[in-house]
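Student: Could we go through this model together and check each term against its criterion?
Tutor: Gladly; let's take a look.

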Amino acid sequence: MRKKIVAGNWKMNNSFNRGIELATEINKLVRKQDEHNVTVILSPPYIHLAEIARIIDKDVVSVAAQNCAAEPKGAFTGEVSAKMIKSTGAQYIIIGHSERRQYYCEDNPVLKQKVLRALENSLTPIFCIGELLSERESGNHFKVVKSQLEEALFDLPANAFGKIVVAYEPVWAIGTGVTASSAQAQEMHAFIRLTIADKYGKEMADSISILYGGSCKPSNAKELFANPDVDGGLIGGAALQADDFFAIINSF
Ligand code: PEP
């Protein structure tokens, strides 16, 4: 059985104190649950990582960075390495978010380096892929998503690829309030799984968690997560309120 995952991407939100408060609230809600069949991940800004990793119950909540440097160490002012992230107690790194691709010009070759840095430090990459609205409208969405997988991930040997979590986030749905329909999400997730199966085999494809991201909220999470190839969500806006995020966790 592959992991069901709900990960909250806080982006550039929350002061240090508010971040600790939010993590404490979510940890408390998740802790109280009888069953823990969903992997819950909080992805705050870098400055929160170490303190949140310290205060959460690591058996029920995990921590992810939102990015890492492509280089292992050295004179790269303002950057944070995967090794530094590992030292905070984080277990995951979001890599290739569309905001990084769009605003910081991160392309597949750079993202490929970041994935390697994460894996070298025993951190699990949550690798984001997804098409622009214009790419979907021109019928190129499958082609775009396939090339993102091929160019950034498909040089990995099978044992390394098996550690990746994929997040399908159609760019037109991120932060817009427009969600992919349940059918659109399932169609693309099935395509991603098939593309992985063509490269690494069916057993590998069936073991990889593929998350949906893009305006996922308590009102639509249940329908999205009910799809056979949707293994959870990468949540932006709705991850900033403990009750909303918890409701999404409970949508399985
Ligand atoms: C995201 O940024 O990964 C995301 C899915 O954002 P939102 O849920 O706000 O669309």
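**Strands, a helix and a ligand**

Tutor: In this predicted model, F127 stands opposite V166 in β6.

Student: What makes β5 and β6 a pair?

Tutor: Pairing asks for at least two bridges. Strand β5 (residues 124-129) and strand β6 (residues 165-168) are joined by four bridges, so they count as paired, and they run parallel. Helix α7 (residues 141-152) packs on the sheet there, touching β5 and β6, and its direction makes about 145° with that of β5.

Student: Which larger arrangement do these strands belong to?

Tutor: A closed barrel of eight strands, in the order β1-β2-β3-β4-β5-β6-β7-β8, with parallel pairing. On average, neighbouring strands of this sheet are turned by 25° against each other, direction ignored.

Student: How do you know that the span of helix α9 agrees with its number of residues?

Tutor: Helix α9 (residues 182-200) has 19 residues, which should span 27 Å at 1.5 Å a residue; the end C-alpha atoms are 26 Å apart, so the two agree. After α9 comes G201, whose phi is positive, near 100°.

Student: Why is M188 called buried?

Tutor: Buried means under 20% relative accessible area. M188 is among the buried residues of α9, as are A185, I192 and Y200, so each of them falls under that cut-off.

Student: What makes the approach of K11 to the ligand a polar contact?

Tutor: The pair must be N or O atoms within 3.5 Å. An N or O atom in the K11 side chain is 2.6 Å from an oxygen atom of the ligand, so the pair qualifies. H97 has a polar side-chain atom 2.8 Å from a ligand oxygen, and G237 places a backbone N or O atom 2.9 Å from one.

Notes. Residues are numbered from 1 along each chain as its sequence is written. This is a predicted model: local features need pLDDT of at least 70, side-chain atom pairs count only at pLDDT 80 or more; totals for chains, interfaces and linings use all residues. Side-chain values use heavy atoms; hydrogens and water are left out. Helices (H or I, at least four residues) and strands (E, at least two) are DSSP runs, numbered from the N terminus. Axes are lines fitted to C-alpha atoms, for helices over the stretch in contact, and angles run from 0 to 180 degrees between N-to-C directions. Contact means heavy atoms within 4.5 Å. The expected span of a helix is 1.5 Å times one less than its number of residues. Buried means under 20% relative accessible area, exposed over 50%, partly exposed in between (1.4 Å probe, protein chains only). A polar contact is a pair of N or O atoms within 3.5 Å; within protein, one must be able to donate a hydrogen and the other to accept it, and residues adjacent in sequence count only if both atoms are side-chain atoms.
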